[in-house]
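Student: I should like to work through a protein structure residue by residue. May we begin once the sequence and the coordinates are displayed?

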Amino acid sequence: MNRNLAKGLQVAWDLPEFRGGLRHLIDLDEVSVLLATLSVPEPDREVERGALLLLRSGLEAVEVREAVLLLLERDEVRRPLVAAVEPLVDRPGQAAAIASAAEDPAVRREVRAVLDSARVRELIWQAIDSQVSHDRLGLIRQTALLFVRHSSVRRLAWALRRHGVLRELRRKP
């Protein structure tokens with residue numbers, strides 16, 4: 001898991017609106033420790049797998065998905081989050097591209113469409129499993145299936161490309 005992503009999740013975790021929505025669903029202290037562990041430069045592979053399993057099981061719950069979408073959809077949550085994350089990212093171009101995408105209503109609409117589809121979520125997790133297992137062929141296969149079968153994924157990728165997010169993710173630090 002990307003260290004900057006873990007830092008961003010840590011910032012989100014500190015927002016009372018986000019934590020309040022999850023308080024009755026998961027052990028907040030456990031997640032806080034996990035995010036702190038993931039934000040170090042070289043997290044342990046088992047900790048990384050544990051975080052992915054927690055994220056996967058969490059996104060299957062409607063309440064957790066809604067809390068994640070709250071981060072993007074509500075101005076009073078999204079703007080402070082983006083402002084807090086920008087100084088943490090070691091690549092300013094990436095931070096600017098993500099901030100620009102987060103302000104685009106079309107991006108937010110497509111993120112919701114992607115997260116609301118159980119089939120898309122399953123293919124995403126299969127792709128993540130392939131990446132963690134260093135199975136390049138599996139990763140390519142799952143990614144191709146996502147783009148071929150699901151127009152919401154294509155629209156989201158196109159919107160992220162328009163904002164330069166994909167270019168910045170490929171750029172070497």
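The questions and answers below concern this predicted model.

Student: How many helices and how many strands does the chain have?

Tutor: Read along the sequence, the chain follows the pattern α-α-α-α-α-α-α-α-α-α-α-α. The count for the chain is accordingly 12 helices and zero strands.

Student: What percentage of the residues in the chain is buried?

Tutor: A residue counts as buried when its relative accessible area is under 20%. The chain has 173 residues, and the buried share of them is 40%.

Student: What percentage of the contacts with a separation of 6 or more joins residues 24 or more positions apart?

Tutor: The contacts considered here are those in the chain with a separation of 6 or more. Of these, the share from residues 24 or more positions apart is 66%.

Student: What percentage of the exposed area do carbon and sulfur atoms supply?

Tutor: The area that the chain exposes is about 10,000 Å². The part supplied by carbon and sulfur atoms is 58%.

Student: Are helix 5 and helix 6 roughly parallel or roughly perpendicular to each other?

Tutor: Two packed helices are described by the angle between their axes and the distance between the axes. For helix 5 (residues 62-73) and helix 6 (residues 75-85), the axes come within 5 Å and cross at roughly 75°. Angles of 65 to 115 degrees count as roughly perpendicular. Helix 5 and helix 6 are therefore roughly perpendicular.

Student: Which residues of helix 6 make the contact with helix 5?

Tutor: Helix 5 contributes Leu70, Leu71, Leu72 and Glu73 to the contact. On the side of helix 6, the residues are Asp75, Val77, Arg78 and Leu81.

Student: What distance separates the end C-alpha atoms of helix 9, and why does it agree with the expected span?

Tutor: Helix 9 has 15 residues. The expected span is 1.5 Å times one less than the number of residues, so helix 9 should span 21 Å. The distance between its end C-alpha atoms agrees with this, at 21 Å.

Student: Which residues of helix 9 are buried?

Tutor: The criterion is a relative accessible area under 20%. Alanine 127, found in helix 9, meets it because its relative accessible area is 7%. The full list for helix 9 is Val120, Arg121, Leu123, Trp125, Ala127, Ser130 and Val132.

Student: Which residues does alanine 127 contact, leaving aside its neighbours within four places in sequence?

Tutor: Threonine 143 is 16 residues from alanine 127 along the chain, and their C-alpha atoms are separated by 6.5 Å. With neighbours within four places left aside, the residues in contact with alanine 127 are Leu139, Gln142 and Thr143.

Student: Why does isoleucine 128 count as partly exposed?

Tutor: Isoleucine 128 is also a residue of helix 9. Partly exposed covers values between the buried limit of 20% and the exposed limit of 50%. Isoleucine 128 falls in that range because its relative accessible area is 22%.

Student: Where does histidine 134 lie, and is it buried or exposed?

Tutor: Histidine 134 lies in the loop between helix 9 (118-132) and helix 10 (136-149). Although it is not a glycine, histidine 134 has a positive phi of about 60°. Its relative accessibility is 62%, and values over 50% count as exposed. Histidine 134 is therefore exposed.

Student: Which residues does arginine 49 touch, not counting residues up to four places away in sequence?

Tutor: Arginine 49 is found in helix 4 (residues 45-60) and is partly exposed at 37% relative accessibility. Its C-alpha atom is separated by 9.2 Å from that of aspartate 129, 80 residues apart along the chain. The residues that arginine 49 touches are Val132 and Ser133.

Student: Which side chain makes a polar contact with the side chain of glutamate 168?

Tutor: Glutamate 168 belongs to helix 12 (residues 165-170) and is buried, with a relative accessible area of 6%. Its side chain reaches the backbone nitrogen of glutamine 94 at 3.4 Å. The side-chain partner, at 3.1 Å, is arginine 171.

Methods:
Residues are numbered from 1 along each chain as its sequence is written. This is a predicted model: local features need pLDDT of at least 70, side-chain atom pairs count only at pLDDT 80 or more; totals for chains, interfaces and linings use all residues. Side-chain values use heavy atoms; hydrogens and water are left out. Helices (H or I, at least four residues) and strands (E, at least two) are DSSP runs, numbered from the N terminus. Buried means under 20% relative accessible area, exposed over 50%, partly exposed in between (1.4 Å probe, protein chains only). A polar contact is a pair of N or O atoms within 3.5 Å; within protein, one must be able to donate a hydrogen and the other to accept it, and residues adjacent in sequence count only if both atoms are side-chain atoms. Contact means heavy atoms within 4.5 Å. Accessible areas come from the Shrake-Rupley method with a 1.4 Å probe; for residues, only the protein chains shown count as cover. Axes are lines fitted to C-alpha atoms, for helices over the stretch in contact, and angles run from 0 to 180 degrees between N-to-C directions. Angles under 35 degrees count as roughly parallel, over 145 as roughly antiparallel, 65 to 115 as roughly perpendicular and the rest as oblique.
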